[in-house]
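Please open the structure in a viewer and keep the sequence beside it. The tour below proposes a series of selections and states what is found at each.

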Amino acid sequence: MAASLQEEARRLRKRLEAQNADPVTVALFGQPGAGKSSLINKLVGRPLATVGQKTDQTVQAQIVEWEGLRLVDLPGYGTSKFPPNAWIKKFDPRSFDMFLCVFSGKFHSADTKMFHDLEAKGRTCLFVRQKSDTIWQEGKSQEELRAEIVEDVRRQVGKSVDVYFVSCVSGEGLGDLSDAIFARLPDAKRDRWSLSAKAYTRNALKRKKEAARERVRLHAGLAAANALNPIPGADIAIDVGNLLKLFEEIRKAYGITDRDLQTPIAPELVQVANRIIRWGTKDGLLALLKRYAARQTAERAAKYIPLVGQAIAGMLGFAIAQRAGMDYLDQCHSLAEAILNEALQHDG
């Protein structure tokens with residue numbers, strides 16, 4: 001039994017390490033001033049990329065790492081300091097899961113050339129018209145102007161493609177773009193995008209929760225197998241540090257800030273915020289685990305055996321750790337859902 005338990009714990013650790021070591025990689029290219037860095041910040045939901053960097057004057061990429069996402073603001077393609085052949089040689093397109101061609105003015109011929117080079121190598125590329133809030137011309141409607149932009153892109157690239165209109169000021173189109181990225185990623189990368197990218201739609205938030213549920217089960221299995229911390233008043237031990245790490249990951253995934261917790265948007269969310277704060281501490285988590293230990297009975301959950309293994313699935317510690325993780329996830333999801341609903345109502 002001990003050997004089996006150790007082997008299952010080793011498998012869980014390797015699975016978590018493999019997930020963490022294989023990030024979603026999205027590269028953004030386009031002309032200087034197109035708004036690539038601002039778009040990166042909106043996709044991750046945090047101001048991590050330096051805005052205003054002159055990509056036509058550097059041969060270095062700006063790389064933003066965030067919870068299993070790697071978004072890269074690539075240097076200008078086809079510039080005097082970085083001609084096309086040298087660019088392709090330095091930044092191997094095969095190292096990226098997807099490309100975003102970002103433009104905010106007239107579609108540039110260098111972007112067309114870049115697209116064709118990527119297409120020839122079988123890479124996925126989405127076209128993003130940034131700064132959609134600035135599209136205006138006297139005597140023409142928004143529909144007419146946007147149709148002209150789409151037609152110009154299709155004419156230049158020589159095929160029918162979708163163009164995503166987004167604004168980092170108004171938030172327009174960010175949800176559609178993030179959903180499009182999710183849909184075109186390899187299957188193995190979709191959960192990571194759902195978990196770590198900012199959710200702008202209710203469907204995206206739902207996918208985030210589903211992705212988080214698997215992380216809860218994996219961490220709960222490992223916490224039960226490690227059994228480092230005795231639970232007061234119970235004849236079991238659980239790795240509390242592992243669960244606290246999980247809770248921090250969940251809170252980051254939902255983008256919940258200290259301000260969200262200190263000043264909830266509605267009175268009914270005060271208790272939810274307090275639970276997130278309390279359960280995110282060692283003492284608060286131990287108290288929660290103690291409460292569950294008094295109620296929970298060990299059961300062999302057959303449906304979890306393929307995920308965590310037969311020995312771990314039947315442990316009382318796994319049942320308790322999983323319940324604590326799912327409850328913390330529910331609290332974070334409830335708060336994030338309320339914040340999203342308010343934002344959608346405001347935008348509507």
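Begin by selecting Lys 252, which is partly exposed, with a relative accessible area of 28%; on this scale buried means under 20% relative accessible area, exposed over 50%, and partly exposed in between, for a 1.4 Å probe and protein chains only. The model is a predicted one, in which local features need pLDDT of at least 70 and side-chain atom pairs count only at pLDDT 80 or more, while totals for chains, interfaces and linings use all residues. Residues are numbered from 1 along each chain as its sequence is written, and side-chain values use heavy atoms, with hydrogens and water left out.

Add Glu 67 to the selection. The side chains of Glu 67 and Lys 252 form a salt bridge at 3.6 Å, N to O; the term denotes a side-chain nitrogen of Lys or Arg within 4 Å of a carboxyl oxygen of Asp or Glu. Glu 67 lies in the loop between strand 2 (62-66) and strand 3 (69-73) and Lys 252 in helix 9, so the pair ties together parts that are 185 residues apart in sequence. Here helices (H or I, at least four residues) and strands (E, at least two) are DSSP runs, numbered from the N terminus. Glu 67 is also partly exposed, at 27% relative accessibility.

Next, select Glu 65 and Arg 70, whose side chains meet in a salt bridge of 2.7 Å, N to O. Glu 65 is partly exposed at 46% relative accessible area, and Arg 70 is partly exposed at 30%.

Now display helix 9 (residues 240-253) together with helix 8 (residues 202-226). At what angle do helix 8 and helix 9 pack? The angle is about 170 degrees, and the axes are 9 Å apart; axes are lines fitted to C-alpha atoms, for helices over the stretch in contact, and angles run from 0 to 180 degrees between N-to-C directions. That makes helix 8 roughly antiparallel to helix 9, a description that applies to angles over 145 degrees. Residues in the contact (heavy atoms within 4.5 Å) include Val 216, His 219 and Leu 222 of helix 8 and Leu 243, Leu 246 and Ile 250 of helix 9. The residues of this contact divide into eight nonpolar, two polar and three charged. Ala, Val, Leu, Ile, Met, Phe, Trp, Tyr, Cys and Pro count as nonpolar, Asp, Glu, Lys and Arg as charged, and the others, Gly among them, as polar.

Move to helix 5 (residues 142-157) and select Arg 155 and Asp 152, which lie three residues apart, about one turn of the helix. Their side chains meet in a salt bridge of 2.5 Å, N to O. Arg 155 is exposed, with a relative accessible area of 55%, whereas Asp 152 is buried, at 15%.

Helix 4 (residues 109-120) is the next selection. Its twelve residues reach 17 Å from the first C-alpha to the last, close to the 16 Å expected at 1.5 Å a residue; the expected span is 1.5 Å times one less than the number of residues. Among its buried residues are Met 114, Phe 115 and Leu 118. Gly 122, which follows helix 4, has a positive phi near 75 degrees.

Finally, show the whole chain, which has 15 helices and eight strands. Of its 348 residues, 50% count as buried. The whole structure holds 20 salt bridges, and Asp 22, Asp 97 and Lys 189 are linked in a network of salt bridges.

Definitions and conventions
Parallel < 35°, antiparallel > 145°, perpendicular 65-115°, else oblique.
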